Amino acid sequence: MPTYDKKTLDASADAAVIAEFRAHRGKVGGPFEGRDLALLTTTSAASGTPRTTVLGYVRRGDSLMIIGFGSGTPNHPGWYHDVLAHPVVGVEIGTANLHMLAVPDPGAHSEELLEPLDRALPAAHGTGGPSASTVRVPLVVVLEPADPEVWEGRPREVKSLADKVMEVHTWLRGQLRQVKAETEAHFAARAAHQGSGEPSAPGLGLQIRQRCLAFCQALEFHHTSEDDHLFPGITRYHPELGAVFDRLRDEHRTVARIQNDLAVLLAGVGIAEPQRFRTELAAMSAELNAHFDYEEKEIVPLLAGIPWPPAPPAAAEGNADAGTGE
């Protein structure tokens with residue numbers, strides 16, 4: 001294993017640490033030896049490209065908590081801005097590679113929590129503690145499962161493209177239900193703390209925002225994939241379905257509009273009028289579920305015979321066989 005000193009613990013050293021982490025099943029040497037480390041892969045808020053960062057973590061039930069330091073909002077590390085823009089992240093721990101939902105927790109400032117997180121990386125490293133000349137701003141982020149192993153109604157096995165579409169629909173429906181539950185919890189907590197009581201638990205509104213953002217991004221990706229790839233491919237074999245796909249595309253635009261309205265409303269969830277918020281969310285839920293129902297009735301049966309994941313092209317298989325022959 002390579003060794004490190006303070007002069008080499010800079011941004012360029014991250015690549016060496018990441019390579020060592022992956023080569024040794026999550027173990028690294030030097031000042032990181034014996035520490036609980038994770039690789040966090042985010043989508044850059046600025047460029048949309050992947051960014052992998054070495055961070056320390058502690059476990060809290062089914063969730064992980066990671067920490068970084070900044071010296072004020074403009075100077076927060078790039079990965080922190082990334083998770084605010086793209087909440088679904090990749091996390092590597094040991095040999096496990098997970099998809100998780102990142103929720104910054106601005107209220108997690110207690111020494112009981114920060115002390116073990118603060119020790120997770122040495123201060124010499126860019127993701128550890130700041131220098132004495134900067135203001136210490138702890139940035140705690142909670143990572144929770146983004147796609148649970150068991151979803152209500154999830155296909156037991158994904159063998160066809162129909163199964164895959166149903167899996168995506170089931171996940172999106174589940175996320176929408178969770179957004180609704182978290183929103184109701186937020187409104188209930190806010191109502192309970194009116195008057196002379198304490199304010200609502202910090203971070204709950206941000207948790208709802210991250211959940212909704214992850215949901216909206218997944219839904220946008222799903223619809224774009226259908227409009228640009230799935231529907232044109234099916235139309236070549238079933239031209240009689242042109243009117244069906246036109247209707248689905250119109251519904252996609254309607255759902256996108258509702259998403260945008262909800263995002264604007266969600267930005268002020270801490271002061272949002274509960275009944276208006278519920279009305280917007282109910283409208284989106286009803287229209288989205290109707291869209292899924294229609295798609296599952298008209299489109300999914302046509303996909304039952306298409307294997308998933310796709311089989312490799314025959315030519316590629318032939319070349320592979322030829323390359324291994326004696």
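**Briefing: Glu 92, helix H7 and model confidence**

Glu 92 touches Phe 21, Arg 22, Leu 37, Ala 38, Leu 39, Thr 41 and Asn 97, leaving aside residues up to four places away in sequence. These contacts belong to a predicted model, whose chain averages a pLDDT of 74, with 70% of the residues scoring at least 70. The points below take up the surroundings of Glu 92, then helix H7 and the loop that follows, and lastly the stretches with low confidence.

**Glu 92 and the S4–S5 hairpin**

- Glu 92 is a residue of strand S4, and because its relative accessible area is 12%, under the 20% cut-off, Glu 92 counts as buried.
- The side chain of Glu 92 is joined to that of Arg 22 by a polar contact of 2.7 Å, and Arg 22 is also among the residues that Glu 92 touches.
- Strand S4, which covers residues 88-93, pairs with strand S5, residues 96-104, in the antiparallel sense and over six bridges; within this pairing, Gly 90 stands opposite His 99 in S5.
- The two strands form a hairpin with two residues between them, and in the turn Gly 94 has a positive phi of about 60°.

**Helix H7**

- Helix H7 runs over residues 274-298, and its 25 residues reach 36 Å from the first C-alpha to the last, which is close to the 36 Å expected at 1.5 Å a residue.
- At the N-terminal end of H7, Glu 273 acts as a cap, with a side-chain oxygen 3.1 Å from the backbone nitrogen of Gln 275.
- The buried residues of H7 include Phe 277, Leu 281, Met 284, Leu 288 and Phe 292, and also Ser 285, His 291, Tyr 294, Glu 295 and Glu 296.

**Leu 302, in the loop after H7**

- Leu 302 is placed in the loop between H7 and helix H8, the latter covering residues 314-324, and because its relative accessibility is 30%, Leu 302 counts as partly exposed.
- Beyond residues up to four places away in sequence, Leu 302 touches Ile 234, His 238 and Leu 241; for Leu 302 and His 238, a separation of 64 residues in sequence goes with a C-alpha to C-alpha distance of 9.2 Å.

**Stretches with low confidence**

- Over residues 1-12 the pLDDT stays under 50, although the model has 21 contacts for this stretch beyond four places in sequence.
- Residues 148-153 also have a pLDDT below 50, and this stretch has eight contacts in the model beyond near neighbours in sequence.
- Where pLDDT is low, predicted coordinates should not be read in detail.

Conventions
Residues are numbered from 1 along each chain as its sequence is written. This is a predicted model: local features need pLDDT of at least 70, side-chain atom pairs count only at pLDDT 80 or more; totals for chains, interfaces and linings use all residues. Side-chain values use heavy atoms; hydrogens and water are left out. Helices (H or I, at least four residues) and strands (E, at least two) are DSSP runs, numbered from the N terminus. The expected span of a helix is 1.5 Å times one less than its number of residues. Buried means under 20% relative accessible area, exposed over 50%, partly exposed in between (1.4 Å probe, protein chains only). A polar contact is a pair of N or O atoms within 3.5 Å; within protein, one must be able to donate a hydrogen and the other to accept it, and residues adjacent in sequence count only if both atoms are side-chain atoms. Two strands pair if DSSP finds at least two bridges between them. Contact means heavy atoms within 4.5 Å. pLDDT is the predictor's confidence in each residue, from 0 to 100.
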